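Biologist: I am new to this model. Please pick a single part and take me through it closely, from its surroundings inwards.

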Amino acid sequence: MSDHSQPPARVLVAKSSLDGHWRGVAVVSRALREAGFEVILGGMLRPSEIASVAAAEDVDLVGINVGGRVEVVERALDEMESAGVGDIPVFVGGTVPPQAIPRLTGRGVEVFPPGSSLGAIVDSARRLTGRNIPTGGLS
């Protein structure tokens, strides 16, 4: 049961790399929508564009497909801070080099490498946005 007194949390989902793999972005976006989130699909965005869209769309959460380029995510975090939206929580998924996970988690980013369950991603999104509604069996 959801709380209808508040609007759905808004999540920006973006890719940070030019690889052609869109399946993960599509699957995660769909799971978030099915869980009641409003998803803004940003597509491939530069770090400054991620910050700009996050601010313009007044999002509650930013999800970034890493595609192996962790430094792009770190630049996006810096740009978000500069744009005054550094308090928006961020989660990332996709190809995340294992040695980069501590760098990202050290900056408050939740990391979902390949094989992470959709339920865990949705649960994280709910917790990060304050929408703590249990999943309906997503795995």
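Modeller: Helices (H or I, at least four residues) and strands (E, at least two) are DSSP runs, numbered from the N terminus. The model is predicted, so to speak of a local feature requires pLDDT of at least 70 and side-chain atom pairs count only at pLDDT 80 or more, while totals for chains, interfaces and linings use all residues. Residues are numbered from 1 along each chain as its sequence is written, and side-chain values use heavy atoms, with hydrogens and water left out.

The part I have chosen is helix 2, which covers residues 47-56, together with the loop between helix 2 and strand 3. As background, the chain holds 5 helices and 5 strands, and from the N terminus on these elements run β-α-β-α-β-α-β-α-β-α. The chain has 139 residues, and 43% of them count as buried (under 20% relative accessible area; exposed is over 50%, partly exposed in between, with a 1.4 Å probe and protein chains only). Contact here means heavy atoms within 4.5 Å. Among the contacts between residues at least 6 apart in sequence, 67% join residues at least 24 apart.

Start with the side of helix 2 that is turned inwards. Pro47, Ile50, Ala51 and Ala54 are the buried residues named in helix 2. They lie on the same side of helix 2 because they cover an arc of only 95° around its axis, the arc being that of the directions from the helix axis to the C-beta atoms. What do the buried residues of helix 2 pack against? They pack against strand 1 (10-15), strand 3 (61-65) and helix 3 (70-82).

Helix 3 can be followed in more detail. Pro47, Ser48, Ile50 and Ala51 are the residues on the helix 2 side of this meeting. On the helix 3 side, they meet Val72, Arg75, Ala76, Glu79 and Met80. Three of the residues named as buried in helix 2, Pro47, Ile50 and Ala51, thus appear again in the meeting with helix 3. The axes of helix 2 and helix 3 are 8 Å apart, and the two helices pack at an angle of about 45° (axes are lines fitted to C-alpha atoms, for helices over the stretch in contact, and angles run from 0 to 180 degrees between N-to-C directions).

Now move on to the loop. Glu57 is placed between helix 2 and strand 3. Its relative accessible area is 32%, so Glu57 is partly exposed. Which residues does Glu57 contact, leaving aside its neighbours within four places in sequence? These contacts are with Arg10 and Ile40. Glu57 and Ile40 are 17 residues apart along the chain, and their C-alpha atoms are separated by 8.2 Å.

Asp58 sits in the loop between helix 2 and strand 3 as well. Asp58 counts as exposed because its relative accessibility is 60%. The backbone deserves a look here. Most residues other than glycine have a negative phi. Asp58, which follows helix 2, has a positive phi of about 50° although it is not a glycine.

To put the part together: helix 2 has Pro47, Ile50, Ala51 and Ala54 buried, and its buried residues pack against two strands and a helix, namely strand 1, strand 3 and helix 3. In the loop, Glu57 is partly exposed, whereas Asp58 is exposed.
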